[in-house]
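Thanks for making the time this morning. I would like to walk through one structure with you, beginning with the two chains in turn and ending with the place where they meet.

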Amino acid sequence: MSPRAWKRIGLGLLLAGAVALPFLVSNYRVFQFNMVLVYAIVLLGLNILTGYNGQISLGHGAFYAIGAYVAAILMEHFGWPYWATLPVAGLVCFVFGFLFGLPALRLRGHYLALATFALAVAMPQILKYKHIEQWTGGVQGIVILKPEPPFGLKITPDQWLYLFTLAILVLMFAIGWNLLRGRVGRALVAIRDHPVAAEAMGVHGALYKTLAFGVSALFTGVAGALGAVVVQFVAPDSFAAGLSINFLIGIVIGGVASISGAVYGALFIQFVPNFADEISKAAPWAIYGVFLLAFVYLMPGGVAGFVRLAWGRLAGARGKTKP
Amino acid sequence: MEAFLHQVFSGLATGGIYASLALALVMIYQSTNHINFAQGEMAMFSTYLAWSMINGGMPYWWAFLLTVLVSFVVGIVIERIIIRPVEDAPLLSVVTVFVALLVIFNSVAGWIFTYTIKTFPSPFPEQPPFGNRYISSHELGSIGITLVVLVALYLFFRFTPLGLAMRAAAQNPVSSRLAGIRVGWMLALGWGLAAAVGAVAGLLIAPVVYLEPNMMSGVLLYAFAAALVGGIDNPFGAVLGGFMVGVLENLIGAYVIGTELKLTVALVLIVGVLLFKPSGMFGKVFVSRV
């Protein structure tokens, strides 16, 4: 069989496993895995911008917050169903991302990281601002009701939400895959690696860079809306700068400029703090820091890069044994 | 009018602290073109060191001196061990290392010293000096110390052979190396000095914002804004920018939008400066050749 067929079979098995998962573990674990799916969408979005396009963002928590708040406000004040809020959240974030991408065109490297970091730090304050309090609920935030499974399905709400998120994830990954594996992806990488040469080849740098910002924010916004529904609660302080740093950690650990890396990264940022929390309240971040340093020095390709390397070795070894 | 003057003076005092931290940022930026995201957390950690020394019964100024020295050494060690390997790495790796340092310092401080908010002593008397009504002793003292640090650094860089070597290494590493300057060590020294200056800033701001592991996140943002306003490659610009940002923050907070959106002012300032005058007021305009 060709490697491509192997890959398809593997992907199918993985998907089947992911569908079966919520029926095998406790409700709390289902919730945790649900968050993994949400984070995976964010990390894919961030990877489009930072991994593929080379624009470092330390502020994606802000777009996540906007997506979450759009969903919460639509559900609370306008009585929208949860699934209808996703496209709106994505669209609103796309616009915000595109607008933030315009000034970001003039910022390179460290400066962009700095400006987005400032956005992340300022976000909770903006959400608490008293003149929008009637919409955002101020410091208290907004509580969302957990949606019931439709069509009279005999599953728990957590399981339904997990499956719903999984479907969205598959959709978003399909979009991301198609986007990154073609002309657009090559343009993004070309801009990252050599902006001047890319322009000379006829790639419209400014357009692609702002679009990358917008699309990246769109992914993050959809995930934010899903996250709000899953957690059933939004409040300014859950979107502090730490969240954005979490996302950066996710893509570095998972693998920069890798689609599968988003899933590894999401597993990492969801479960490592859980284990580390038992040692000390401060331990998760200390462990994050040490892991980050270790990955930068020892495994710059992240987990995805490691898997690729190991797979290549295995395939290579098999190839050698054949005459 | 009195309230206005009071706002201006206390703005100058916090501005002095932003200026110190901005100076630390500029020092590292000048020699390596990196913006150190962990500068604030390093300063916070130094402040905790000073706190434990003072609580151990050491007189304030001895603790101050010792903390600055220890920070200097720690800064050098960090550059040599952690920053060195990624010196020529892609930008994302560098930023990631800075973020890693940030979270490590933050969490280790929380781990060792707990997250409870602590008061930090000020070395200056409680009564305002000369019976005035506008400025407290601590505020005046902070401004004084900032200026002393600035002058000392100026004298060091301008009149000592080592300072000259450091400037040369920052300006043209290749030629400096040919002239026999150990460029790597000069960068490490720059990191040490930055950490020491940052420690001074931490010690001065701690009595105002109280000591806790997250105390520097806002301060760091203002220091960034200050460095950018003044021009991130110009130490004097950064100091002036620090004072300006401090006053601006206080006045806008008091008269325009209230204190809740103070950090947003820093955000707007950072994005605004980067957009309209990326080199700041006194920075060099950078032209890249293809």
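Let me begin with a term that I will lean on throughout: a residue counts as buried if 20 or more other C-beta atoms lie within 10 Å of its own, as exposed if 12 or fewer do, and as partly exposed in between. Please also keep in mind that what you see is a predicted model, and that its overall scores are an ipTM of 0.82 and a pTM of 0.85.

Now that the term is in place, I can use it on a residue of chain A. Ala257(A) sits in the loop between helix 11 and helix 12 (261–277) of chain A, and because it has 23 C-beta neighbours inside 10 Å, Ala257(A) counts as buried. The backbone at this residue deserves a look as well, since the phi of Ala257(A) is near 55°, which is a positive value in a residue other than glycine.

Gln232(A) also has a positive phi, of about 65°, although Gln232(A) is not a glycine. You will find Gln232(A) in the loop between helix 10 (205–231) and strand 2 (233–234) of chain A. Is Gln232(A) buried or partly exposed? With 15 C-beta neighbours inside 10 Å, Gln232(A) falls into the partly exposed class.

Let me step back to chain A as a whole. Chain A contains 14 helices and 2 strands, and along the principal axes its C-alpha trace spans about 70 × 50 × 40 Å. A compact globule with 323 residues would have a radius of gyration near 20 Å, and chain A, at 20 Å, agrees with that expectation. Of the 323 residues in chain A, 50% are buried. If we take the contacts in chain A between residues at least 6 apart in sequence, 78% of them join residues at least 24 apart.

One helix of chain A is worth checking in detail, namely helix 13. At 1.5 Å a residue, the 16 residues of helix 13 of chain A should span 22 Å, and the end C-alpha atoms are indeed 22 Å apart, so the expected span and the modelled one agree. The buried residues of helix 13 of chain A include Trp285(A), Tyr288(A), Leu292(A) and Phe295(A).

Turning now to chain B, how many helices and strands does this chain have? Chain B has 11 helices and 0 strands. The radius of gyration of chain B is 19 Å, close to the 19 Å that the globule rule gives for 290 residues, so chain B is as compact as a globular protein of that length. Its C-alpha atoms fill a box of roughly 60 × 45 × 35 Å along the principal axes, and buried residues account for 50% of the 290 residues in chain B. Among the contacts in chain B between residues at least 6 apart in sequence, 75% join residues at least 24 apart.

As for confidence, chain B averages a pLDDT of 84, with 93% of the residues scoring at least 70. Among the elements of chain B, helix 3 (residues 60–83) has the highest mean pLDDT, 91, while helix 11 (residues 262–276) has the lowest, 79.

Helix 11 of chain B is also where Lys262(B) lies. Lys262(B) is partly exposed, because 18 other C-beta atoms lie within 10 Å. Leaving aside residues up to four places away in sequence, Lys262(B) touches Glu249(B) and Gly253(B). Lys262(B) and Gly218(B), which are 44 residues apart in sequence, are 9.1 Å apart in space, C-alpha to C-alpha.

Ser107(B), by contrast, belongs to helix 4 (residues 91–113) of chain B, and with 24 C-beta neighbours inside 10 Å, Ser107(B) counts as buried. The C-alpha atoms of Ser107(B) and Glu2(B), 105 residues apart along the chain, are separated by 42 Å.

That brings me to the place where the chains meet. Here 40 residues of chain A are in contact with 36 residues of chain B. On the chain A side, the elements that give two or more residues are helix 5 (110–128), helix 11 (241–254) and helix 13 (283–298) of chain A. Which of these helices gives the most? Helix 5 of chain A does, with 13 residues. By character, the chain A residues that touch chain B divide into 30 nonpolar, 6 polar and 4 charged.

How values were computed:
Residues numbered from 1 in each chain as written. Chains lettered and ligands numbered in written order. Predicted model: local features only at pLDDT ≥ 70, side-chain atom pairs only at ≥ 80, totals over all residues. Contact = placed C-beta atoms within 7 Å. Helix = DSSP H or I, 4+ residues; strand = E, 2+ residues; numbered from the N terminus. Nonpolar A, V, L, I, M, F, W, Y, C, P; charged D, E, K, R; others polar. pLDDT = per-residue confidence, 0-100. Rg over C-alpha atoms; globule rule 2.2 N^0.38 Å. Expected span 1.5 Å × (residues − 1).
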